[in-house]
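Student: I have a new model open on my screen and would like to walk through it with you. Shall we take it one question at a time?

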Amino acid sequence: MPSTSATNRRSFLARGAALAAVPTIATLVGEALAEPASADTLPDYAPIPPSALGPAVNAQGYFVGRVQKNLYWVTDGSYQAAFLTTKEGVVLFDAPPSIGHNLQRAIDEIASANGVSNKVTHIVYSHHHADHLGASALFGRNVVRVGHIETKRLLARDNDPARPVPDLTFQTHHRLLVGGERIDLAWHGTNHTPDNSYIHFPDHDTLMLVDVNLPGWVPFDSFNINEDVPGSIAAPAKAMAYPWKHYIGGHMGRLGTRDDMVVYQQYVTDLIDGVKKALATVDPTPFFTRYGNNVWAAVKTYQAAQVDYAAAPVIAKYTGVLAAADVYTASTAFIILESIRLDLGIGSQIHP
């Protein structure tokens, strides 16, 4: 294909995606977007609402600001970390590689302005993913790293020198005390990952929960590419049970508020209601035509495709129903398959 045609095709697809996203973004941020431009002036992407944006980064590519008292946050416009200054040193929360050495620069900036130590003594891991921990090794070996016990297991498995395993671990709850400051760490079940932790700053009215709610933005692919969709759907209610005013979501440009969490919950509820309505009205005939309406063959193919998700226990739950699948219509069987998918917490549609 000539390069001009390829460019036009990419532009067309980008425009289509942007237009499709407009109603969702407008609903989430509660703002009306500008009227669509004419076909001749239509941009490749819809404009991002100002309420979804954070502060501008400096010439070095980062912004550092106060959350409350001696708790600060750092962002490069896409990723976020936080740090707490104490009389014994600095506690850092996550170390995204995209921010990298700017983490120490941000800490130096604040320490110099406030006359406190700039030495990082502790790093608290939210979860094991490299995009949030890949700069941990920059702080050397003489740092106490803290994380969930599953975080330690997963990092030991990954054997990544950039992400040293935690020195201090916890199973369900742990109160970290450093220099007269307290940080409450908790694990309330699987959500984005099996080890994703709730980090509460009770003296700073702040909660940090990474990769669940990104303030001002809708969740992308499978709720931010997480490993437990139902767990992530339940996470905001668990987060709201804590007392806090400020929210650090780990991504994008700004801090969140309780209102952001409420809007996010409303968005997810609307999404689930829409899925249920679609399942009740969708015509599954094209899917089952491939199997000559042999529902059991479809189920077995579906089951075989889910081996990486430990599907057997979930499939077993439906065995009694599926064994008599010949008495069900294709529509009913489709709903059964969707129920299995939802139990597994994967994907947005069935791919036979």
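Tutor: Gladly! A word on terms before we count: helices (H or I, at least four residues) and strands (E, at least two) are DSSP runs, numbered from the N terminus. Please keep in mind that this is a predicted model.

Student: With that settled, how many helices and strands does the chain have?
Tutor: Both kinds of element are present in the chain. The tally is 12 helices and 12 strands.

Student: What share of the residues in the chain is buried?
Tutor: Here buried means under 20% relative accessible area. The chain holds 352 residues, and the buried share of them is 44%.

Student: And among contacts between residues at least 6 apart in sequence, what share joins residues at least 24 apart?
Tutor: Contact here means heavy atoms within 4.5 Å. Among the contacts in the chain that span at least 6 places, the share joining residues at least 24 apart is 58%.

Student: Let's turn to the sheets. In the open sheet of seven strands, which strands are at the edges?
Tutor: The order of this sheet is E1-E2-E3-E4-E5-E6-E7, with mixed pairing. An edge strand here pairs on one side only. That description fits strand E1 (63-68) and strand E7 (168-170).

Student: Which residue stands opposite Phe83?
Tutor: E3 and E4 pair in the antiparallel sense, over five bridges. Across from Phe83, in E4, stands Leu92.

Student: In which sense do E4 and E5 pair, parallel or antiparallel?
Tutor: On this side of E4, Val90 stands opposite Val120 in E5. E5 itself is mostly covered, with five of its five residues buried. Four bridges join E4 and E5, and the sense is parallel.

Student: At what angle to E3 does H2 run?
Tutor: H2 lies across E1, E2, E3, E4 and E5. With respect to E3, H2 runs at about 35 degrees.

Student: Which element gives the most residues to the largest nonpolar core?
Tutor: This core has 23 residues, and Val64, Val74, Phe83, Leu92, Leu103 and Val120 touch the most other members. Two or more residues come from each of strand E2 (71-75), strand E3 (80-86), strand E4 (89-93), helix H2 (102-114) and strand E5 (120-124). With four residues, the element that gives the most is H2.

Student: How many residues does the second, separate core have?
Tutor: Its members include Leu71, Trp73, Val210 and Ile248. The second core comes to 20 residues.

Student: Back to Val64: which residues is Val64 in contact with, leaving aside neighbours within four places in sequence?
Tutor: Val64 is among the residues that touch the most other members of the largest core. Its contacts beyond those neighbours are Tyr72, Trp73, Val74, Phe83, Ala106, Glu109 and Ile110.

Student: Asp76 caught my eye. Which side chain does the side chain of Asp76 make a polar contact with?
Tutor: Asp76 lies in the loop between E2 and E3, and its contacts more than four places away in sequence are Val57, Gly61, Ser98 and Ile99. A polar atom of the Asp76 side chain also lies 2.9 Å from the backbone nitrogen of Ser78. The side-chain to side-chain polar contact, at 2.7 Å, is with Ser98.

Student: Now the open sheet of five strands: why is one side of E8 and of E12 left without a neighbour in the sheet?
Tutor: The order is E8-E9-E10-E11-E12, and the pairing is mixed. Strand E8 (173-178) and strand E12 (246-248) stand at the edges, so one side of each has no neighbour because each has a single partner strand.

Student: Which residue in E11 stands opposite His200?
Tutor: Strand E10 (residues 198-201) and E11 pair in the antiparallel sense over three bridges. Opposite His200 stands Leu207.

Student: Is Asn213 buried or exposed?
Tutor: Asn213 is found in the loop between strand E11 (206-208) and helix H5 (221-225). Leaving aside neighbours within four places in sequence, Asn213 is in contact with Tyr247, Gly249, Asp260, Met261 and Tyr264. Its relative accessible area is 2%, so Asn213 is buried.

Student: Last one: which residue caps the N-terminal end of H6?
Tutor: Helix H6 covers residues 229-240, and its buried residues include Val229, Gly231 and Ser232. A side-chain oxygen of the capping residue lies 2.8 Å from the backbone nitrogen of Gly231. That cap is Asp228.

Methods
Residues are numbered from 1 along each chain as its sequence is written. This is a predicted model: local features need pLDDT of at least 70, side-chain atom pairs count only at pLDDT 80 or more; totals for chains, interfaces and linings use all residues. Side-chain values use heavy atoms; hydrogens and water are left out. Buried means under 20% relative accessible area, exposed over 50%, partly exposed in between (1.4 Å probe, protein chains only). A nonpolar core is a set of buried Ala, Val, Leu, Ile, Met, Phe, Trp, Tyr and Cys residues joined through side-chain atoms within 4.5 Å. A polar contact is a pair of N or O atoms within 3.5 Å; within protein, one must be able to donate a hydrogen and the other to accept it, and residues adjacent in sequence count only if both atoms are side-chain atoms. Two strands pair if DSSP finds at least two bridges between them. Axes are lines fitted to C-alpha atoms, for helices over the stretch in contact, and angles run from 0 to 180 degrees between N-to-C directions.
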